[in-house]
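Visitor: Hi, I have a structure open here and would like to talk it through. Could you walk me around it?

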Amino acid sequence: MANVFLTPQAIAKQALASLYETTVMLPLVYTDVSSDFATQKIGNTVNIRKPAVFVANDFDRATGIVPQDATEGMVPVILNKIADVSFNVTSEDLTLSIEKFDEQLLSPAMEAISQKIDRAILALRSDITQSVGVIGTDGIRTHTYDTPEALIDAGVVLNLAKVGALGRNAVIGPVANGRWLDSPVLKNAQASGSTDALREAYVGRRLSGFDPYWSQNIGQPKAVGAQVSGDPTTEIGVAFHNTAFAFASAPLEVAPGSQASVVSYKGISIRIAYQYDIKYKQTIVSLDTLYGVKTLDATRAVLIKGINKA
């Protein structure tokens with residue numbers, strides 16, 4: 001019986017599932033999943049729908065209701081990034097089951113892409129000006145960054161900005177995560193989440209109105225032993241509403257007659273293409289995704305930063 005080779009379609013579907021399961025930031029930010037973008041090229045701009053905003057009016061029976069236009073608005077996002085992982089495979093690799101192929105090759109490749117996407121979203125922290133975690137005199141910033149009570153202060157900032165209570169998340173770095181987990185607030189808490197990555201990244205339980213996660217892509221502080229008490233930490237976490245940041249992705253073009261496939265799921269698209277290298281008698285498998293990120297409203301996010309207590 002002839003060997004049955006994995007098809008680009010089968011690999012693309014599995015790759016997209018692996019990618020979505022290994023991202024932390026992507027499921028936490030706004031994506032216009034209802035948009036059906038046509039194929040795009042790098043540098044193109046797509047318009048994503050911004051969530052509608054309504055006002056609750058007092059009902060007056062004499063005048064009746066006051067209808068409001070459901071104006072969602074459009075936000076332009078430039079698709080200026082392509083995350084790519086390409087690798088060589090043998091004919092034997094392509095005869096593996098999709099589960100084995102995923103374990104040996106796809107999952108590591110998707111892990112690299114997911115980390116790149118997470119870093120791109122986290123880079124939007126540079127747009128945020130408000131912060132907590134540093135002791136201040138305004139009555140708000142009273143807890144240090146390495147205690148979960150810092151989210152109390154973050155909640156106050158967002159409350160004052162009239163940010164909705166639902167859809168709030170927080171992402172901290174590995175050192176802050178360790179210190180939070182050692183806090184009496186979180187010890188022995190049960191973890192939960194909606195995807196594999198989020199289950200692993202979930203810090204413990206909902207805190208002060210936020211779902212807290214941690215990420216290795218939050219900047220690393222000084223090495224242990226090199227930290228000096230009073231130094232600012234380089235771990236800058238972020239507490240935010242899911243409409244503070246946006247992620248947009250669109251399908252890349254597939255050349256006619258090529259061994260390639262594109263699949264999309266929950267606001268992200270991935271393309272896979274084969275090319276046989278006759279010189280080395282092996283196949284190049286190339287996976288890439290076209291995307292862009294943007295800050296929708298910086299007032300809906302708060303930096304969690306502060307002073308080391310080494």
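Visitor: In what order do the five strands of the open sheet run?

Guide: The order is β4-β12-β7-β5-β6, with mixed pairing. Keep in mind that this is a predicted model.

Visitor: Which strands stand at the edges?
Guide: Those are β4, residues 131-132, and β6, residues 211-214. Each has a single partner strand, so one side of each has no neighbour in the sheet.

Visitor: Does anything pack on that sheet, I mean, which helix?
Guide: Helix α3, residues 150-160, packs on it and touches β4, β5, β6, β7 and β12. The direction of α3 makes about 155° with that of β12, which covers residues 301-304.

Visitor: Back to the strands: are β5 and β7 parallel or antiparallel?
Guide: They pair in the antiparallel sense, over four bridges. β5 spans residues 168-172 and β7 spans 237-241.

Visitor: And which residue in β7 stands opposite arginine 168?
Guide: That would be histidine 241.

Visitor: Let's switch to the interior. How many residues does the largest nonpolar core have?
Guide: It has 48. Ile11, Phe240, Phe245, Phe247 and Leu287 have the most contacts inside this core.

Visitor: Which element gives the most to it?
Guide: Helix α2 does, with ten residues. Other elements that supply at least two residues each include α1 (8-22), β3 (81-89), β10 (268-277) and β11 (282-295).

Visitor: You mentioned Phe245. What does phenylalanine 245 touch, leaving out residues up to four places away in sequence?
Guide: Its contacts include Val29, Tyr30, Leu124 and Ile128. Val238, Phe240, Lys294, Thr295, Leu296 and Ala301 are also among them.

Visitor: What about the second, separate core, how many residues are in that?
Guide: That core has 17 residues, including Leu158, Ile172, Trp180 and Ile304.

Visitor: New topic, backbone angles. What is phi of lysine 162?
Guide: Phi there is near 60°, a positive value in a residue other than glycine. Lysine 162 sits in the loop between α3 and β5.

Visitor: Is lysine 162 buried or exposed?
Guide: Lysine 162 is exposed, because its relative accessible area is 72% and the cut-off for exposed is over 50%.

Visitor: Serine 208 has a positive phi too; near what value?
Guide: Phi of serine 208 is near 50°. You will find serine 208 in the loop between α5, residues 196-201, and β6.

Visitor: And what does serine 208 count as in terms of accessibility?
Guide: Serine 208 counts as partly exposed, at 41% relative accessibility.

Definitions and conventions. Residues numbered from 1 in each chain as written. Predicted model: local features only at pLDDT ≥ 70, side-chain atom pairs only at ≥ 80, totals over all residues. Heavy atoms only, no water. Pairing = 2+ DSSP bridges. Contact = heavy atoms within 4.5 Å. Axes fitted to C-alpha atoms, helices over the stretch in contact; angles between N-to-C directions. Core = buried A, V, L, I, M, F, W, Y, C linked by side-chain atoms within 4.5 Å. Buried < 20%, exposed > 50% of the residue type's maximum accessible area, 1.4 Å probe, protein only.
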